[in-house]
Amino acid sequence: MFLRVFRKYSTAKLTHDLRLYDGRLKEKVALQIHPSKSYLSFYTCGPTVYDSAHIGHASCYVRLDILQRILRHHFHLPLVTAMNITDIDDKIIARALEQQVDWQQLARRYEDEFWSDLQRLNVCAPDVKLRVTDHIPAIIRFVQTLVEKGFAYSTADGSVYFETAKYERYGKLQKVIIEPESNASKGQKRHQSDFALWKASKPGEPFWTAPGFSHGRPGWHIECSTLASHLFGRTIDFHAGGLDLRFPHHENEETQSCCYHDVPDWVTHWLHTGQLHLEGQTHKMSKSLKNTVSIGELLGAYSADEFRMLCLLSHYRSAIEYGPEAMGTARNVLRKFASFFSDAKAYIDGLKPAAYDATSTESLLGKLSNTRTTVREFLKNDFNTANSVLALGELASNVQRIINSHEPSTSGVSLIGSSNVGAVLAVTEYIREELVSYGVQSLDKQSPQHSRQMGNDANQSLEQLIEAMVATRSEIRLQAIETKNPQLFKVCDLLRDRLKLANVEVKDHGKTSSWNFREGSTK
């Protein structure tokens, strides 16, 4: 059934001190793993595909992608991930009528667009994708079981509702007051908090035949319960979605699933991401409020890495702002890392000579060790990516200060040797590995983007051309230094500025120079 094969993990290997926020207890708790499990289930509520996704949706899925990457890379947990696609819903039917197209065609179109958008954002596809309409028989059986157990009832029109008063723990994720049954509502749902499991069809609407109750279609909440149960059974390790889904969607999922499976708790760890809003606004991005920015518009103005960095610089449970200032900050953070990698490469390649104190190598390795420990502590504390990125940035700045220092050592000893280069290389690869583990694809040598940047013949030819131009400029600059000719210096400056306009950044290091593509280059 699963798209991956996982080896059996021992209890010891699955035990660690990762702590996650528990929305029921309103405090952080230790990660709980059943000792007999060979994998951990991770279910994410997917979109209702009636329109294009916007960056409010994108922020949720990018943040959850970051969490999944951390669980796999840093804590070595064998996840099996799944996401549903709600391809039958009131909104889909209404939009199809509005556009005068078949509702199934409309849903498939926006579903394909959604998966394409996630790929462009470098969000890993789930191991299993589940469409609601592919599992209608299982949904009907789920509803029938709840009716048979006395947790659900039919109304006069043939719809089926879950009776929340029958479940004593209703309100786990958010407190709910269940109003007394009203005689005036006889023939309809009994309590205001009761929710639809099955909706009787109206004339002209799509429907399925359900033995025991009317022709109709599933309610929203029953879909995720059925699909996740079909895949993972009586318990789920992680269930994720936006904060706006906590109630009523996730509350109702938990309620009906506990009743169906006869378990005290269906989900072990709920993960809810904070909402995105535009700078200067306090309400979430929503199509109904007409304040959305499409993913296409986002990627027309910024790179996927810049948006991911925006997500990394805030806690996943916190609200996130989108706008020029916030995105400018994210872009600058990436540029600082790019500058660090450029300087480190120049030093490692021997283009940046410098004199060091005899303790510089030991200092670098000590900072590296401390940062490793610090970053892990941040991530163990409910995925604190913001502070982990700051710690990586501080390490990069410390290394840059050392390798860019041209002050002679007090001892007269120069450490431009393999041991010092090795320390810089170790730090560089660690920072690169950490950023790649968060999904920053421009640094990933295995990513399609990196391949596009470095792999094909056209790009190699372009790089050779730039290399030749920079080398020629270096010869002119060396002659300018020797003759102190101001006109030659002006020529060097002009060449550097022209290359910069082409997104090529040239850096001078004494009598040598290096170059790299600037962040945001189309190359």
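**Exercise 1. State which residues Glu-111 contacts, leaving aside its neighbours within four places in sequence, and decide whether Glu-111 is buried or exposed.**

Solution. Once neighbours within four places in sequence are set aside, Glu-111 is in contact with Val-49, Ile-85 and Arg-131. The model is a predicted one. Glu-111 belongs to helix α3. Its relative accessibility is 6%. The cut-off for buried is under 20% relative accessible area, so Glu-111 counts as buried.

**Exercise 2. Describe how helix α2 and helix α3 are placed relative to each other, and list the residues that make their contact.**

Solution. Start with the axes. Those of helix α2 (residues 90–99) and helix α3 (residues 103–120) come within 9 Å and cross at roughly 105°. Next, classify the angle. Angles of 65 to 115 degrees count as roughly perpendicular, and α2 and α3 are therefore roughly perpendicular to each other. Then list the residues. On the α2 side the contact is made by Ile-92, Arg-95, Ala-96 and Gln-99. On the α3 side it is made by Trp-103, Leu-106, Ala-107, Arg-109 and Tyr-110. Finally, sort them by character: the contact of α2 with α3 has six nonpolar residues, one polar and two charged.

**Exercise 3. Find how many aromatic pairs the whole structure holds, then work through the pairs Tyr-39 with Phe-232 and Tyr-316 with Phe-383.**

Solution. A search of the whole structure gives 13 aromatic pairs.

- Geometry of one pair: Tyr-39 and Phe-232 are 6.4 Å apart, centre to centre, with 40° between the planes. Planes under 30 degrees apart would count as stacked and those over 60 as edge-to-face; this pair is tilted.
- Location: Tyr-39 is in the loop between β2 (27–30) and β3 (40–44), and Phe-232 is in helix α5 (residues 220–232). The two are 193 residues apart, and the pair links distant parts of the chain.
- Burial: both Tyr-39 and Phe-232 are buried.
- Geometry of the other pair: Tyr-316 and Phe-383 form an edge-to-face pair, 5.9 Å centre to centre and 75° between the planes.
- Location: Tyr-316 lies in the loop between α8 (304–312) and β13 (320–322), while Phe-383 lies in the loop between α10 (360–380) and α11 (385–403), so the pair ties together parts 67 residues apart in sequence.
- Burial: Tyr-316 is buried, and Phe-383 is too.

**Exercise 4. Name the residues of the aromatic cluster that includes Tyr-61, and identify the charged residues over the rings of Tyr-260 and Tyr-21.**

Solution. Tyr-61 forms one aromatic cluster with Phe-114 and Trp-115. Over the face of Tyr-260 lies Lys-149, at 5.9 Å from the ring centre. For Tyr-21, the residue is Arg-317, whose charged end sits over the ring, 4.2 Å from its centre.

**Exercise 5. Locate the cis peptide bond at Pro-248, then give the phi values and surroundings of Asp-262 and Lys-484.**

Solution. The cis peptide bond joins Phe-247 and Pro-248, with omega about 5°. Pro-248 lies in helix α6 (residues 246–261).

Asp-262 has phi near 60°, a positive value in a residue other than glycine. Asp-262 is placed in the loop between α6 and β11 (267–273). With a relative accessible area of 57%, Asp-262 is exposed.

Lys-484 has phi near 55°, also positive in a residue other than glycine. The loop that holds Lys-484 runs between α14 (457–483) and α15 (486–501). Its relative accessible area is 69%, and Lys-484 is exposed.

**Exercise 6. Determine whether Val-263 is buried or exposed, and which residues it touches beyond four places in sequence.**

Solution. Val-263 is found in the loop between α6 and β11. At 11% relative accessibility, Val-263 counts as buried. Not counting residues up to four places away in sequence, Val-263 touches Arg-234, Ser-257 and Cys-258. From C-alpha to C-alpha, Val-263 and Arg-234 are 7.4 Å apart in space, and they are 29 residues apart in sequence.

**Exercise 7. Summarise the whole chain by its secondary structure, its buried share and its long-range contacts.**

Solution. The secondary structure comes to 15 helices and 15 strands. Of the 523 residues in the chain, 51% are buried. For contacts between residues at least 6 apart in sequence, 74% join residues at least 24 apart.

Note on methods. Residues numbered from 1 in each chain as written. Predicted model: local features only at pLDDT ≥ 70, side-chain atom pairs only at ≥ 80, totals over all residues. Heavy atoms only, no water. Phe/Tyr/Trp six-rings, centres within 6.5 Å; stacked < 30°, edge-to-face > 60°. Helix = DSSP H or I, 4+ residues; strand = E, 2+ residues; numbered from the N terminus. Buried < 20%, exposed > 50% of the residue type's maximum accessible area, 1.4 Å probe, protein only. Lys NZ or Arg CZ within 6 Å of the ring centre and 35° of its normal. Axes fitted to C-alpha atoms, helices over the stretch in contact; angles between N-to-C directions. Parallel < 35°, antiparallel > 145°, perpendicular 65-115°, else oblique. Contact = heavy atoms within 4.5 Å. Nonpolar A, V, L, I, M, F, W, Y, C, P; charged D, E, K, R; others polar.
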